[in-house]
Amino acid sequence: MEFNLLAAFFAVLTVAIYLLTNSLYLKYRKTLLNPVLASTAIIAVILVVGNIPYDTYMMGGSWIGTLLGPAVVALAVPLYKQRKLLFTNLLPIVSGIATGVVVGMASGILFTQLFRFSEELILTVLPKSLTTPVAMQVAGNLGGIPSLAAVFVMVAGFTGYIVGPALLNWLHIDSAIGRGIGLGTSAHGMGTAKAFEYGQQEASMSSVAMTLSAVFGALLGPVAAWLLLL
Amino acid sequence: MKIIHIILQLLAITGFYLIGEGVQDFFNIPLPGSIVGFLLLFAALMLKIYPLQWIDSGAHFLLAFLSLYFIPATVGVVEYGELFSGKGMLLIPIVIISTFLTMAAAGWVSQYTAKASPERKERS
């Protein structure tokens, strides 16, 4: 009973910190106030200062984590609502996303192998362009480390969010479809947030790209891992 | 009444998720069960087997807090602090450069393909 109470405490604490940082983020709109980043930092400091083992925190934390699976399923709804956009532009959308996912995974493997990282870390970096819940599951299934995978997903997201527009400009990628697919395929939800600043069409493209690249990535991940083991 | 709708729809989403996990396990599909559930739900919506309004507000509610669900996992990074003090630091620029390449490839190919096939030009 005491342990359940402790678990409930950590679950409630996580939700409370998230709601607090989320409302601060919505109010001030500063990239560094990103709720995931800020909540993670605050909770990490609490654990370190209070000398609380991660496993103890996860007794409650894992309750929240169980919502990841259903949340991935729920992504089918926004994709379904974008189906007209998807099917009228099927070829450019699918070819762009597929190329992006392949380039992302191939370059990730190439660079990590170049510096002789362990197989575990290579498989952790592999799904970095996918949306966090999918990336964590893919990394976990392949033998990578899910929580580290989430960190790399965040690095990819911030990269796309901060540097994406400059890169797109430089490459003369100036159409709604090019910008949206580029941002969504490489930087998932963060890229989609940036795409919103261009306009509704870019944002729709980006959210379609985020969802479809997660599906492609989940399909391609085991193939890439298998090639790696050859 | 709205809250009851949302709860029932969340149960439906969880149902699709559990079916996805079951199907994945039974056929040994090399995909996460959640992605199998996602594909089943998308197919059910496309084929009009399952109506959108029976899942729409539940999905909207669940996705509104999406980033909350992976915070417990990202906190797990406290266990890997030492990784980023050494050679592991290199993984950050690797991810950044790989993200550039991904964006360039995806954006360029989709823009080029869209322009090459004008009858499929983007419409909203």
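**View 1. A:His188 counts as buried, with 6% relative accessibility.** Everything in these views comes from a predicted model. You'll find A:His188 in helix H11 of chain A, which covers residues 176-198. Where does the side chain of A:His188 place a polar atom? Look for the backbone oxygen of A:Val153, which sits 2.9 Å from that polar atom. Skipping neighbours within four places in sequence, A:His188 also has contacts with a whole list of residues, including A:Lys128, A:Ser129, A:Leu130, A:Thr131, A:Ser206 and A:Met210.

**View 2. Helix H7 of chain A meets helix H6 of chain B.** H7(A) covers residues 90-114 and H6(B) covers residues 91-116. A pair of packed helices is described by the angle between the axes and the distance between them. Here the axes come within 7 Å and cross at roughly 155 degrees. Because angles over 145 degrees count as roughly antiparallel, H7(A) is described as roughly antiparallel to H6(B). The crossing is right-handed. On the H7(A) side, look for residues including A:Ser95, A:Gly96, A:Thr99, A:Gly100, A:Val103 and A:Phe111. Their partners in H6(B) include B:Ile97, B:Ser98, B:Leu101, B:Thr102 and B:Val109. What kinds of residues make up this contact? There are 12 nonpolar and 12 polar residues, and no charged ones.

**View 3. A:Thr112 is a buried residue in helix H7 of chain A.** Its relative accessibility is 0%, so it counts as buried. Which residues does A:Thr112 touch, once those up to four places away in sequence are set aside? In chain A they are A:Phe117, A:Ile122 and A:Val125, and in chain B they are B:Leu91 and B:Ile94. A:Thr112 is also one of the H7(A) residues that meet H6(B).

**View 4. H7(A) also packs with H11(A).** The axes of these helices are 10 Å apart, and the angle is about 35 degrees. This crossing is right-handed. From H7(A), the residues that take part are A:Pro92, A:Ile93, A:Gly96, A:Ile97, A:Gly100 and A:Val101. From H11(A), look for A:Ile177, A:Ile181 and A:Thr185. Sorted by type, the contact has six nonpolar residues, three polar and no charged.

**View 5. A:Ala74 touches residues of chain B.** A:Ala74 belongs to helix H4 of chain A, residues 68-74. Buried or exposed? A:Ala74 counts as buried, with a relative accessibility of 0%. Leaving out residues up to four places away in sequence, it touches B:Ile13, B:Ala59, B:Leu62 and B:Leu63. For a sense of scale, find A:Ala218: it is 144 residues away along the chain, and the C-alpha atoms of the two are separated by 16 Å.

**View 6. A:Asp55 counts as exposed, at 58% relative accessibility.** Its home is helix H3 of chain A, residues 54-65. A:Asp55 and A:Thr124 are 69 residues apart in sequence, and from C-alpha to C-alpha they are 21 Å apart in space.

**View 7. A:His172 and B:Lys48 each have a positive phi.** Most residues other than glycine have a negative phi. Phi is near 55 degrees for A:His172 and near 60 degrees for B:Lys48. Where is each one? A:His172 sits in the loop between helix H10 (146-170) and H11 of chain A, while B:Lys48 sits in the loop between helix H2 (33-46) and helix H3 (56-64) of chain B. A:His172 counts as exposed at 58% relative accessibility, and B:Lys48 counts as exposed at 60%.

Technical notes: Residues numbered from 1 in each chain as written. Chains lettered and ligands numbered in written order. Predicted model: local features only at pLDDT ≥ 70, side-chain atom pairs only at ≥ 80, totals over all residues. Heavy atoms only, no water. Helix = DSSP H or I, 4+ residues; strand = E, 2+ residues; numbered from the N terminus. Buried < 20%, exposed > 50% of the residue type's maximum accessible area, 1.4 Å probe, protein only. Polar contact = N/O pair within 3.5 Å; in protein donor to acceptor, adjacent residues only side chain to side chain. Contact = heavy atoms within 4.5 Å. Axes fitted to C-alpha atoms, helices over the stretch in contact; angles between N-to-C directions. Parallel < 35°, antiparallel > 145°, perpendicular 65-115°, else oblique. Left-handed = near helix turned anticlockwise from the far one by under 90°. Nonpolar A, V, L, I, M, F, W, Y, C, P; charged D, E, K, R; others polar.
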